[in-house]
Every structure is written in structure tokens, then in C-alpha cells.
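Colleague: I am new to this structure. Could you take a close look at one loop and then place it in the rest of the fold?

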Amino acid sequence: MRLRSVLSLAEARAVSRGCLLAVFLVGCSGGQPPVVPQGNDAARAEALPSASSEPEQSASPPNDEEGEDDDDADEVSLDADDAASGTGGDADTARNKLYKMVPGGLDVTIDGVMFHVSTKAKRQGAGWGVVVKVKAESEGDATRYLMSPKAGPLAFATKVTQSEKLLTEIGDERDGEGEKTVAPDEPLEFERSWPPKGTKPLSGGQELELQVGLWGLGREPGKTRAVKGFVVVKVVAPRGRPAKAYVNPPS
């Protein structure tokens, strides 16, 4: 009886070892056990957004002016009207105008010619007039040509005001055709006065504005084109005092 109990105990242990071995084999043959997320690992299990191959879109609107040239870098003004109103020669080329205030007047450089412009108010009967004087000099070896009708190379457009009220506004008309030459080492001097015959001079309290141009400037004889906006001359005639004249670049 005692021997049977011992055998039964040995058999039970053998069976228990066999079961444990079977469990171990089953666990090994079933692959890796599932991983249980711990702590913040559960958040990492969420799907990440995939990287897009498309470029990011900007929230700001595109700048339409980007890449445009800045034409305002050059301070020398170009007179487009001169190019548009050509009468031959270099009519399609805009001409630079360079102005310099000097004692007693104004220097204007155009197409290789330096124009020294001065002005002076003068007594004209009971009122006042003005004379505009110009000395033209070549800056190089080239020769330039000026159109010169009966009144000379200068063109006047006249405006007279009193207490800001417009009294007279008159354009200019060319009478005749002629030509003068500005050659190296041969300066050319010319002038024109206002008022012309038959026009009243300035009286006390009035102001005169002359828009002065050149009838024509060119590099070849007979091929000139007008220079608009050459200079502006103003004359102020205060009551009971002498009039004064000024010359300035066009505004």
C-alpha cells in the first residue's frame, strides 16, 4: 500500500512536467507575444501624417511687383515729349537734360551742348519786360545745329497773372526758318525779349511766366527737333518797386 502511494506520487510529478513542457512548446511555436503599451506608448500607436511631395502653399498673396526693374534709380530726367515730336535725324532717341544752378543763371546740358541761361527784368514804357540771354558752347568735337526763325532759337509760351487770376495766356508761333551753328571753340550767343510789339508790359502787382523752349536742336543741318521744357522764366513786378526775374528748370 505504501509502495503504490509512492508510485502514484511519481506518476503525478511526471505528468506535471509533461504539461509544463507542452505549454512551453506551444508558446514557442505561436510566435512573438503581443506587446502591451505602457505609459505614453499608447499615444505613439496613432498613425503619423505622411510627408507630401507637393510644396507648401503660402498663406500670403503673391507679390505681383516682385522682379520688376526699378526705373527710378537714375536721377537724370528724360524728355519723352522730345522723342515723340521728332522731325528727323535722331527723332527716336530721348535726350538727357542736366540742370545746374550757377551764380547769375542756370546751366543746361543737352546732347553735347552747354547752354548758359541768364535773365534780367527791364523797364518797358510804364511797365516791365524781360530779356532772356543764352550762350551755347559745344562740350566736345561735334557740331550742333539750332533752328533759328526770325525771333531767334527761343520759343516763348506766355502767362500773365494778377493776384492768382489769369489775365493772359498765349502760345508761340514760328515765323520763318533759319539755322545757327554751335561748333567746337565757337560759342553761339542769342537772346529774346518780352513783351513783343503790340503787347502790354507788366504793371505793378502782376507776374509773368515764360515757358521757354528751343525751336530745334540737331546733329545734322536741316534735321532738328524741338526741345520742349527748356527753362522757365518768371518775372515779379511788385507795386512801387523794381521787378525781378528768375530762371529755373521746368517743374
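Modeller: P195 is found in the loop between strand 10 and strand 11; strands here are DSSP runs (E, at least two residues), numbered from the N terminus. The peptide bond that joins W194 and P195 is cis, with omega about 10°. This is a predicted model, in which local features need pLDDT of at least 70 and side-chain atom pairs count only at pLDDT 80 or more, while totals for chains, interfaces and linings use all residues. Residues are numbered from 1 along each chain as its sequence is written, and side-chain values use heavy atoms, with hydrogens and water left out.

Strand 10 also has a loop before it, between strand 9 (179–182) and strand 10, and D185 lies there. D185 is not a glycine, yet its phi is positive, about 65°. D185 counts as exposed because its relative accessibility is 80% (exposed is over 50%, buried under 20%, partly exposed in between, with a 1.4 Å probe and protein chains only).

Strand 10 (188–194) and strand 11 (206–220) are among the strands that each supply at least two residues to the largest nonpolar core, which has 35 residues. Such a core is a set of buried Ala, Val, Leu, Ile, Met, Phe, Trp, Tyr and Cys residues joined through side-chain atoms within 4.5 Å. Strand 12 gives the largest share, six residues. F230 is one of the residues with the most contacts inside this core. Neighbours within four places in sequence aside, F230 is in contact (heavy atoms within 4.5 Å) with residues including V108, F115, V212 and P250.

Note on methods:
Helix = DSSP H or I, 4+ residues; strand = E, 2+ residues; numbered from the N terminus.
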